Amino acid sequence: MRRSVALAVTLAALLAGHDARAQDPHDLFGIGNKTPKPVPDAEACKEPHAFGCPFVTDPFEPAPPFALSTWLPASYLRRLPVANATHDAVAGFGLGAVRDDVGLSFGGATGLENLWSLDGASIQSIRTGGAESRIPLTFLEGMTVTAGGFAARDRASTGGRIDAVLRRGTETHEIDATVWGGYTAESRRRPFSRGSYFVRRITVDSGPDISASVVGTGPIARLAGGTTWYAAGIAPTFATSLFTWKTARLVDADGDGSPDGLPGTPHTEPLLESTQRTPEYFVPAMLRTGWDRGPHHVELTLFGQRSHGTRMLGNSTLQAAGLDRDDTVIDGIATYRGVWKRTHASVQLAWHRSVHRESARDPAAERLPQLLSAYIPTTLAEEPQLAALCNDNTYPNITQCEVPFGYFASGGVGPLLDLVGDRPTATADVTHVLDSRHTLRAGATLEDSRLATRARFSGGMQTRSLIEGVFDSTQRYYHGECQPMPDTPCGYASSSELTYRTRYTAAYVEDTWTPQADIRVNGGLRWELMWVGPRLHFSNQLAPRGGIAWDVLGGGRSRVWTSYGRSFVTLPAGIGPTVIRRDPTVTEAVTTISGSGVKTRDVDPGASYSITDGIRPMAQDELTAGIEVGLAKTFRVTAWAQGRWLRYGLETTPHGFDNPGRQDGQPARRSSELLALEVATTPTGKLTLRAGYLVGKTIGNYLGAYDPRQGAILYNGTQFDGSGDGALTSGNEMGRLPTDAGHRLFVEADRRGKLGPVELEVAARLTLASGRPRNVYADTDIGVISFLPRGSKGRGPMLSQANIRVAAHWQGFDVTLDVFNAFDRAAGTATDELYTSAEVRPIEGGTYEDLVFAKSVFGQDIGRRNAFGLPIAFQGPVSAVLGVHRAF
């Protein structure tokens, strides 16, 4: 072995142009100096997050010894090309994390099944469960990303957990200030499919942005025999987005009554081009103070963020297009910790509040009803020029401005939604070292979430029109009574207000048995209660969890472990419309026949799905095993395997809200298997290296809270609800799910050196990942079905990205240039998966090659949609951020 190491060092030295006999390997690779090799030190591995210490010897260590966790120090992250990132953007750097469209995916779960916390207090969205409070890295000490291996003490859902740790006060007054300026290249343009046409198409490009961060820390004064400290910061970001609308009409130059160019790309004639640049901002701030006296520690934290953004429609008038969104998030946390020789105790009170407001960007659109028309109206008060150009009969034999898909919006902005969410949480934990062999833990959590919603239409109503002057339907909200007969009394309302409530309660007991100093056996039981509204009650969720870890090398240098655990999903208040109540609406239609109008009225009281008797909570079992070897302050090697199996899903079915398959049809299934490997060198040397590889698969027919095709369904998708009988009986639903990880590889490197008086630094993060499994769907008379088995079209293209940083440090100033997607990779991250709209049935167990023989239920050839397989989302374009930092 020694000869092999010596040979490798000699070869590396020759390649670098150095004499290996005259160069110490530590200097050669920049990971230290010529001091003797560190020796195992159990004391060095008592501190949490000590680098190169897989086995923390402190019995009070908050993380279980078998956790699949990665500690990401902010000091390390800020040396990588991350610019002014917030913690949710870089939490994916943790081992075991991959990304889907809505966040991080762990073990096959969607990005809406994770738990996000700030110093242990929940900060995820009350409505969806996604990341909501976004903490700038300049505010943080670091974060722990846990992919699995939970103990009874850990609050866990069916995904992962991300816990951010804020900065504390310092012994002296310190100020950390940074300013950034960024530029992003033109965004990707979606390709046009053959035969497609829209009156208006929209593109959006990110404009320049500027941001800053100022964080101050230090002592305050002595108080009641103890010391006090503060930490405060603000990090505003200001940016713009440029929206461009291009208007065109169809051409029929030969007058044959068919648009020129069909069946290929239709010929169009440009009419108008309009642009709007909208401002955006994001302003997070924190204020912390603490008091420490002997074993007593008190921390008070206030974190808040204010943000503003705009959503624009494409196929609409400019007045009806813009919707402004304003969000305010506040987290208040009070924590007491008592630290005695044999006992640690903590009590935490937290309150998470979020306020979301929507309004029309154009004040006129706030007061007007919205018209959704399947044509361009002959008169448009806000854009008479558009109406005139589309209806001037330049090409009288065709409809010049066809609306072949969806509707064209005009008038008001349409549906508006305001949300106010509150989540108070109380948590208490105690850890007691009973003797040299047993450490006992117990704790409890109480949480009560409320989400108040106010839905409204601009102008009090929304109208849909299929044929001008022939068929119009108007939808409103109502209160009280509303009879289904036209022209009878109905309590029309300008808005609808509802409140959804969830309750979460948990208690646990846990024992860590240490038969000898380097072996820990952990076992515990966690009881949870999860209630949503007055009817969906899961009151006795029992989650046994346990595992064993062994420090084979001793001194905290290694751990070999295996663990088992069960977890239950945390349900967000956003499922309230499915299981509590929806907004009541009334739709009144007028059909004009021979000059007289026929009226109809459809009343929807907003009833939710029934809750079936015997429904079970959504449960997931997990097994993990792994090995980690390290040397204090030098290196770390980690390898682990993880398996997860979903026992019961939750979804809407023909019987109500239930566990799919419990009464009939296919049961909900999702299973994942992952293998992860990571190698890291010390984060304090001249050269820092961290590389990881993950391979995994996720098989099943159940997606969970998010479906790339349907969006954030929150357990109310169409797959099991009977809208398509093929979805209930076809084996094609089983296959590789969108969260199937495939292969993932990352390399992080940071090299520091000196050129005269200037210290230079080059850092990079390189990633390579498998594309998402691709499906083949059909939109049929029985609903959208999996025409072929899930994932049968293979995968999307491999996704590679290189983010680079170049930095210079001189006279206390740090100047950085971060370049993201440096080689401007433009691979599609998602594609159109709808193959046909013919009346077909699933090809059971078929392959993509079978589609050439596919027939409709009537025996006719089917046509493939021109848009099938075209990319609908892309990697972001190349961008650069210049930063200047100074610490005082």
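**Exercise 1. Describe the lining of the largest cavity by residue class, and find where that lining comes from.**

Step 1. Sort by class. The lining of the largest cavity has 9 nonpolar, 8 polar and 5 charged residues. Keep in mind that you're working with a predicted model.

Step 2. Put the cavity in context. Searching the whole structure turns up 8 cavities of 30 Å³ or more, and the largest holds about 170 Å³ of space.

Step 3. Go to the centre. There are 22 lining residues, and those closest to the centre of the largest cavity are Gln124, Arg423, Thr570, Leu571 and Pro572.

Step 4. Look for strands. At least two lining residues come from each of strand S19 (438-457) and strand S23 (495-516). The biggest giver is S23, with 3 residues.

How can anyone spot a hole like this? Rolling a probe the size of a water molecule over the atoms shows where empty space is left.

**Exercise 2. Work out the surroundings of Arg559: is Arg559 buried or exposed, and what does Arg559 touch?**

Step 1. Locate it. Arg559 sits in strand S26, which covers residues 558-568.

Step 2. Check accessibility. The relative accessible area of Arg559 is 6%. Buried means under 20%, so Arg559 is buried.

Step 3. List the neighbours. Leaving out residues up to four places away in sequence, Arg559 touches Pro54, Phe55, Pro65, Phe66, Ala67, Trp550, Asp551, Gly626, Ile627 and Glu628.

Step 4. Zoom in on one of them. A polar atom of the Arg559 side chain is 3.0 Å from the backbone oxygen of Ala67.

**Exercise 3. Explore the salt bridges, and say why the pair of Asp101 and Arg772 ties together parts that are far along the chain from each other, 671 residues apart in sequence.**

Step 1. Get the total. The whole structure has 52 salt bridges.

Step 2. Pick out the pair. Asp101 and Arg772 meet through their side chains, with 2.7 Å from N to O.

Step 3. Place both ends. Asp101 belongs to the loop between strand S2 (97-100) and strand S3 (103-106), while Arg772 belongs to the loop between strand S37 (758-769) and strand S38 (777-780), so this bridge links parts 671 residues apart in sequence. Asp101 itself is partly exposed, at 44% relative accessibility.

Step 4. Try another bridge. Asp750 and Arg752 also meet in a salt bridge, at 3.1 Å from N to O. Asp750 is buried at 1% relative accessibility, whereas Arg752 is partly exposed at 23%.

Step 5. Find a network. Shared salt-bridge partners join Arg559, Glu628, Arg636, Glu678, Arg690, Glu748 and Arg765 into one network. Inside it, Glu628 bridges to Arg636, with their closest N and O atoms 3.7 Å apart. Both Glu628 and Arg636 are buried.

**Exercise 4. Compare Arg476 with Trp71: which residues does Arg476 touch, and which does Trp71 touch?**

Step 1. Start with Arg476. It's in strand S21 (residues 471-482), and a relative accessible area of 18% makes it buried.

Step 2. Check its contacts. Beyond residues up to four places away in sequence, Arg476 touches Phe457, Gly460, Met461, Tyr492, Pro584, Thr585, Val586 and Glu588. With Glu588 there is a side-chain to side-chain polar contact of 3.1 Å.

Step 3. Now Trp71. You'll find Trp71 in strand S1 (residues 69-73), partly exposed with a relative accessible area of 22%.

Step 4. Again skipping residues up to four places away in sequence, Trp71 touches His49, Glu141, Gly142, Met143, Thr144 and Val165.

**Exercise 5. Hunt for unusual backbone geometry: which peptide bond is cis, and what is the phi of Leu714 and of Asp824?**

Step 1. Recall the usual pattern. Most residues other than glycine have a negative phi, and most peptide bonds are trans.

Step 2. Find the cis bond. The bond from Leu262 to Pro263 is cis, with omega near 10°. Pro263 lies in the loop between strand S11 (237-250) and strand S12 (268-293).

Step 3. Look at Leu714. Though not a glycine, Leu714 has a positive phi of about 50°. Its place is the loop between strand S34 (687-700) and helix H9 (725-729), and it's buried at 9% relative accessibility.

Step 4. Look at Asp824. Here phi is positive too, about 55°, and Asp824 isn't a glycine either. Asp824 is in the loop between strand S41 (813-820) and strand S42 (828-831), and is partly exposed with a relative accessible area of 34%.

Notes. Residues numbered from 1 in each chain as written. Predicted model: local features only at pLDDT ≥ 70, side-chain atom pairs only at ≥ 80, totals over all residues. Heavy atoms only, no water. Helix = DSSP H or I, 4+ residues; strand = E, 2+ residues; numbered from the N terminus. Buried < 20%, exposed > 50% of the residue type's maximum accessible area, 1.4 Å probe, protein only. Polar contact = N/O pair within 3.5 Å; in protein donor to acceptor, adjacent residues only side chain to side chain. Contact = heavy atoms within 4.5 Å. Salt bridge = Lys/Arg side-chain N within 4 Å of Asp/Glu carboxyl O. 1 Å grid on protein atoms, 1.4 Å probe; cavity = no way out; pocket = protein on both sides within 12 Å on 5 of 7 lines; lining within 4 Å. Points joined across faces, edges and corners; volume = space filled by probe spheres on them. Nonpolar A, V, L, I, M, F, W, Y, C, P; charged D, E, K, R; others polar.
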